[in-house]
Amino acid sequence: MGVGKSNKLSQAALLKQILKRCSSLGKKHGYDDVPKGHFPVYVGVKRSRYIVPISFLTHPEFQRLLRWSEEEFGFHHEMGLTIPCEEVVFQSLTAMLR
């Protein structure tokens, strides 16, 4: 039982770090158009910018994208949170999550 709680706490801490980083990167690059409760991500080869709700962070499918992003790019780069999938795939996934 303790392991599950510990895992959830570490996951919650990771999500908070992601959100903090995303919100500060937006301000750093002059993006003030991100509504409260949302954060920007960059998707695909062209790094198209999407604004997604924070609630997506709780979905296992979106969390898989975040892990893939971490493996591919890490979370410490200037561009912001980058999702390494095709835009069509990202759009399909986010349409299902809404």
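1. The sheet. Three strands make up an open sheet in the order β2-β1-β3, and the pairing is mixed. The edges are β2 and β3, each of which pairs on one side only. Keep in mind that this is a predicted model.

2. The β1 and β3 pairing. These two strands run in the parallel sense and pair over two bridges. One residue pair to look at is V43 and I83: I83, in β3, is the bridge partner of V43.

3. Contacts of I83. Look beyond the neighbours within four places in sequence. I83 then touches V41, Y42, V43 and G44, and it also contacts L65, L66, S69 and F90. So the bridge partner V43 appears in this contact list as well, and the list also takes in F90, a buried residue of α3.

4. Helix α3 over the sheet. The helix lies across β1, β2 and β3. Its direction is at about 15° to β2.

5. The two sides of α3. Helix α3 spans residues 87-97, and its buried residues are F90, L93, T94 and L97. Viewed down the helix axis, these buried residues fall within an arc of 95°, so they line one face. The spacing fits a general rule: an α-helix has 3.6 residues a turn, so residues three or four places apart point the same way. V88, A95 and M96 are exposed on the other side of α3.

6. What the buried face meets. The buried residues of α3 pack against three strands, β1 (38-43), β2 (48-53) and β3 (82-83). They also pack against a helix, α2 (60-73).

7. The nonpolar core. The largest nonpolar core has 16 residues. Which of them touch the most other members? They are V41, F62, I83 and F90. Two or more residues of this core come from each of β1, β2, α2 and α3.

8. Aromatic pairs. How many aromatic pairs does a search of the whole structure find? There are four. In one of them, F56 and F62 sit 5.8 Å apart, centre to centre, with 55° between the planes, and the pair is tilted. Both F56 and F62 are buried.

9. The aromatic cluster. F39, Y50, F56, F62 and F90 form one aromatic cluster. Two of its members, F62 and F90, are also among the core residues that touch the most other members. F90 is worth following through the model: it is buried in α3, it contacts I83, and it belongs to the aromatic cluster.

Methods. Residues are numbered from 1 along each chain as its sequence is written. This is a predicted model: local features need pLDDT of at least 70, side-chain atom pairs count only at pLDDT 80 or more; totals for chains, interfaces and linings use all residues. Side-chain values use heavy atoms; hydrogens and water are left out. Buried means under 20% relative accessible area, exposed over 50%, partly exposed in between (1.4 Å probe, protein chains only). Helices (H or I, at least four residues) and strands (E, at least two) are DSSP runs, numbered from the N terminus. The arc is that of the directions from the helix axis to the C-beta atoms. Contact means heavy atoms within 4.5 Å. A nonpolar core is a set of buried Ala, Val, Leu, Ile, Met, Phe, Trp, Tyr and Cys residues joined through side-chain atoms within 4.5 Å. Rings of Phe, Tyr and Trp (its six-membered ring) pair if their centres lie within 6.5 Å; planes under 30 degrees apart count as stacked, over 60 as edge-to-face and the rest as tilted. Two strands pair if DSSP finds at least two bridges between them. Axes are lines fitted to C-alpha atoms, for helices over the stretch in contact, and angles run from 0 to 180 degrees between N-to-C directions.
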